[in-house]
Amino acid sequence: MTKPAKPIKAPPAGLRQRWRARTSDWRVWWEPNATQRAAGFEAVELDGTRPTWSVREAEKLNRQASGPARTTAPAATAAGNSIDAVCVSYMASPRFYNLRPKTQQEYRKDIARILEKWQGSDMRKLTKPVVHNWYEALYDEHGRSVSRRLIKMLSILMSYAELKGVIYANPLHRMQMITPRPRQRTVAWHEFDALEAAAIDAGDEDMRLALYLGMFQGQRVTDVYSARAADFVSYEDGTLVWRIVRSKDSQLERLNYLVIHPDVRPHLERAIATAQDPRARIIKRLDGAHYADTTFPYAFAKIRKAAAEACPSVADIQFRDLRRTFSDNARHANIPSDDVDDALGNTAGTDARLRQVYMPQSDARAAEAILSIERPRTSLNFKTRRRA
């Protein structure tokens, strides 16, 4: 097959595109020029499946690189001890660029929010009391999840600053924060039926397949909408398997072989049969474009809203709840936790917090444990001996 056309026809300055034959996709990134590199800017990975977003990010980076506040290297401010300098150094380090692309994207957003508050500040002055006051303000304004995530990101930067000798020790180590309650929502079968019916009514067979891959295969949403026709292989005995390098294992490149559930197979085979290119994604939007982290939730929300008209309880369901439901159903089928871990691709069987999310306490299993206790039907006769 010939190399497909570049995803971005008119790239802005600094945006680069390169075809990767090994992974059969386009690498898209922003490359600073010599002057920008001297000012502390480094290359930034973008997303070839999201050309509009990549163009916006490249244009934003161009504006930042040409702004008057960034004409000198950030490391020159505050004798290299500013949080700006630490952020630039961290994002240019192997600790950052070895992260999976999705994690890099999330970290960039969190770092940008941290800089909105602390830009130009000396890292040595961000003591635990100072940061704790900010944490409480974040908690009051945004809640426990956002506040905890930003403080954890700041702690990562602090740990890196400690390694670089900017600060003596990370003051945020073991900082006490309120832990968000783990989400334990599962999807009942009548709720799944309502979601499937809404997808059918919308003529969205690809979303219907996504629902099945989440409910019956237990995979993460990124891995679901990134699946390609070539990822599925049929063995000689007729078994269909999913060859998958899961998104959180992308750096390890660990290949897994997941058998396809019989209920998933007819929907999957339809998608594979209609795929024009085996290397193309089989789950797409109705307009034929690829899904991304920012577009899939909206498409699912549309299906969920339609389903809620017939089944109101689905209104609070998130797509990730299908994965959680998979593990809960497997546990109630008496599948060992290690086997459920292998299917999920995590360590819910041994990690206490993950176990609360994917294998919460079950009254039904508790009832089985209680009713399994049996008293012996016969009693032993003990004869006592008299002392001589």
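Begin by selecting Asn-170, which is buried at a relative accessible area of 12%, where buried means under 20% relative accessible area, partly exposed lies in between, and exposed means over 50%, with a 1.4 Å probe and protein chains only. The model is a predicted one, in which local features need pLDDT of at least 70 and side-chain atom pairs count only at pLDDT 80 or more, while totals for chains, interfaces and linings use all residues. Residues are numbered from 1 along each chain as its sequence is written, and side-chain values use heavy atoms, with hydrogens and water left out.

Asn-170 lies in the loop between α7 (144-163) and α8 (189-201); helices here are DSSP runs of H or I with at least four residues, strands are runs of E with at least two, and both are numbered from the N terminus. Now display the surroundings of Asn-170: leaving aside its neighbours within four places in sequence, Asn-170 is in contact (heavy atoms within 4.5 Å) with Ser-155, Met-158, Ser-159 and Glu-162.

Next, select Pro-101, which is placed in helix α5 (residues 101-118). Pro-101 counts as exposed, with 58% relative accessibility. Add Glu-45 to the selection: Pro-101 and Glu-45 are 56 residues apart in sequence, and their C-alpha atoms are 7.5 Å apart in space.

Move on to the sheet, and select β4, β5 and β6 together. These three strands form an open sheet in the order β4-β5-β6, with antiparallel pairing. Because β4 and β6 stand at the edges, each with a single partner strand, one side of each is left without a neighbour in the sheet. From one strand to the next, the twist averages 30 degrees, an angle between N-to-C directions of axes that are lines fitted to C-alpha atoms, for helices over the stretch in contact, on a scale from 0 to 180 degrees.

Within this sheet, look at strand β4 (residues 232-234), which pairs with β5 in the antiparallel sense over three bridges; two strands pair if DSSP finds at least two bridges between them. Phe-232 has Trp-242 of β5 as its bridge partner, and Val-233 stands opposite Val-241 in β5. Following the chain between the two strands, one finds that β4 and β5 form a hairpin with five residues between them, and that Gly-238 in the turn has a positive phi of about 95 degrees.

Strand β5 (residues 240-244) is mostly covered, four of its five residues being buried. With strand β6 (residues 256-259), β5 pairs in the antiparallel sense over four bridges, and Ile-244 stands opposite Asn-256 in β6.

For the last stop, select helix α13 (residues 320-332) and helix α14 (residues 337-344), whose axes come within 10 Å and cross at roughly 155 degrees. The two helices, α13 and α14, are therefore roughly antiparallel to each other, a term for angles over 145 degrees, whereas those under 35 count as roughly parallel, 65 to 115 as roughly perpendicular and the rest as oblique. Show side chains for the contact, which is made by Arg-323, Phe-326, Ser-327 and Ala-330 of α13 and by Val-340, Ala-343 and Leu-344 of α14.

Finally, select Asn-334, which lies in the loop between α13 and α14. Its phi is near 65 degrees, a positive value in a residue other than glycine, and Asn-334 is partly exposed, with a relative accessible area of 49%.
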